[in-house]
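Here is a friendly walk through one model, from its metal site to its helices and open spaces. Have the coordinates to hand as you read.

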Amino acid sequence: MKLWRGARLATLAGERGWGLIDDGALLVDGDRLRWVGPAAELPPEAAEAEVIDLGGALVTPGLVDCHTHLVYGGSRALEFEQRLHGASYADIAKAGGGIRATVAATRVATEAELLATATKRARALIAEGVTTLEVKSGYGLDAATEARMLRVARRLTGLGVTVRTTYLAAHALPPECPDADDYIAAVCRWLPELAEAGLVDAVDAFCEHIAFSPAQVARVFDTARRLGLPVKLHAEQLSDQGGAGLAASYRALSCDHLEFLSPAGVQAMAEAGTVAVLLPGAYYALRETQLPPVAALREAGVPIAIATDHNPGSSPTLSPLLMLNMACVLFRLTPEEALRGLTVNGARALGLSDRGQLVAGQRADFCIWDTSHPRELAACFGHNPLQQRIHQGES
Ligand code: NIG
Ligand code: FE
């Protein structure tokens with residue numbers, strides 16, 4: 001056992017509050033937190049543990065980035081310039097750029113090439129304290145490339161981070177299949193084998209006027225349900241398609257983006273216990289002006305998560321700490337809501353209840369920061385105060 005002491009803990013225990021413990025300690029047994037509390041109340045078994053003194057550093061739960069598209073080939077920096085010259089994200093997509101451009105570059109990349117680039121990106125997230133990471137497919141849009149992406153995502157586990165994989169073949173229409181209904185049939189056909197191979201933890205889709213309709217998404221979700229897989233949805237990012245209501249009717253783990261979410265969508269998510277994953281990086285990079293309905297989500301008691309949405313087009317950021325800041329400045333989350341969004345609620349968006357808070361019984365995933373108060377993590381930007389990161393009890 002290891003005893004981490006001399007810490008200022010932000011446990012995030014319970015439903016609200018930082019859960020601050022000024023002179024705190026964590027007793028770690030293998031990959032679990034055995035005891036968490038004030039140093040003055042240490043349990044007797046702590047006497048046997050190896051002691052590590054943190055000298056007053058701040059400790060928070062490890063960060064959970066619950067929405068990324070980390071595995072892909074190519075670059076889309078040119079589209080950044082095109083958008084600066086006035087083209088919209090939707091215009092670029094309709095002209096064959098956007099997701100389709102990344103699909104072309106991903107299809108020609110080998111598994112080793114995809115692994116090499118995704119490894120660099122994952123390392124950047126890890127360097128800011130990420131201990132659990134979600135990775136979506138969706139830049140293959142054919143059976144072989146979707147499988148390759150998911151295998152690469154799984155292999156990132158070797159970096160000492162937990163990886164959850166999401167099947168997002170219903171992301172865009174591939175050039176060789178102009179009929180969306182035919183393509184959705186293929187998306188449903190490919191899924192059982194990938195699930196059987198253990199490559200899929202959840203199923204996602206992009207419900208949008210430039211992507212798939214609610215009726216098409218429902219066919220993918222029906223397939224997921226038959227296989228016992230949970231679902232999530234890219235919903236109401238550019239327009240209100242009623243995607244959130246549909247996803248909630250399948251008890252989706254999360255709906256993500258949500259700038260155009262309607263009051264009915266908020267209600268449906270609240271009733272289903274679906275997490276709202278807000279993605280300030282995409283909002284910022286696309287210079288969106290429609291804000292997600294944060295006050296309504298709060299009032300309805302919908303748990304709010306935030307994530308990087310790392311992808312080469314709409315959100316090419318590898319900084320979860322910057323997302324904390326942007327969630328506060330752009331979306332008016334409180335620093336505590338933002339940190340909960342990147343820890344306990346991010347975990348919930350992945351269906352994980354064993355991490356995200358510093359509480360006995362949870363996984364020993366935590367971050368040690370060279371800063372005095374957790375609100376500093378959200379207030380500062382362009383600065384990384386991470387001192388050490390512990391994943392499953394190991395540094
Ligand atoms: O989450 N909205 C759809 N999918 C991604 C963007 C993918 C891309 O542009 O390559 C997102 O923002
Ligand atoms: Fe996304």
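## The iron site

H234 is buried, with a relative accessible area of 3%, and H67 is buried too, at 0%; buried here means under 20% relative accessible area, exposed over 50%, and partly exposed in between, with a 1.4 Å probe and protein chains only. This is a predicted model, in which local features need pLDDT of at least 70, side-chain atom pairs count only at pLDDT 80 or more, and totals for chains, interfaces and linings use all residues. Residues are numbered from 1 along each chain as its sequence is written, chains are lettered from A and ligands numbered from 1 in the order in which they are written, and side-chain values use heavy atoms, leaving out hydrogens and water.

Which protein atoms are the donors of the iron ion (ligand 2)? They are H67 (NE2), H69 (NE2), H234 (NE2) and D309 (OD), lying 2.0 to 2.5 Å from the ion. H67 sits in the loop between β6 (63-65) and α1 (77-84) and H234 in strand β10 (residues 232-235), so this pair ties together parts that are 167 residues apart in sequence. The spacing of the donor residues reads H-x1-H-x164-H-x74-D. Donors are N, O and S atoms within 2.8 Å of the metal (3.2 Å for Na, K and Ca); water is not among the atoms, so sites may look incomplete. Helices (H or I, at least four residues) and strands (E, at least two) are DSSP runs, numbered from the N terminus.

## Q237, after strand β10

Q237 is found in the loop between β10 and α8. Q237 is buried, with a relative accessible area of 5%. Leaving aside neighbours within four places in sequence, Q237 is in contact (heavy atoms within 4.5 Å) with F206, E208, H257, L258, E259, F260, A282 and L286.

## Two helices with a buried face

In helix α9 (residues 263-272), the buried residues are G265, V266, M269 and A272. Seen down the axis of α9, these fall within an arc of 135°, so they line one face of the helix; the arc is that of the directions from the helix axis to the C-beta atoms. They pack against α8 (243-249), β11 (254-257), β12 (275-278) and α11 (294-300). P263, A264 and E271 are exposed on the other side of α9, and G273, just after the helix, takes a positive phi of about 70°.

Helix α3 (residues 99-107) has I99, T102, V103 and T106 as its buried residues. They cover an arc of only 110° around the axis, which puts them on the same side of α3. Their packing partners are α2 (89-94), α4 (111-127) and α5 (143-155). In the loop between α3 and α4, V108 counts as exposed at 67% relative accessibility.

## Open and closed spaces

The largest pocket holds about 430 Å³ of space. Of its 16 lining residues, E15, R16, P303, R340 and N345 lie nearest its centre. A pocket is, on a 1 Å grid over the protein atoms alone, an open set of points with protein on both sides within 12 Å along at least five of seven lines, while a cavity is a set where a 1.4 Å probe fits but cannot get out; lining residues have an atom within 4 Å of a point.

The largest cavity contains about 110 Å³ of space. Of the 13 residues that line this cavity, the closest to its centre are H69, Y89, H171, N311 and S314. H69 is also among the iron donors.

Methods. Points joined across faces, edges and corners; volume = space filled by probe spheres on them.
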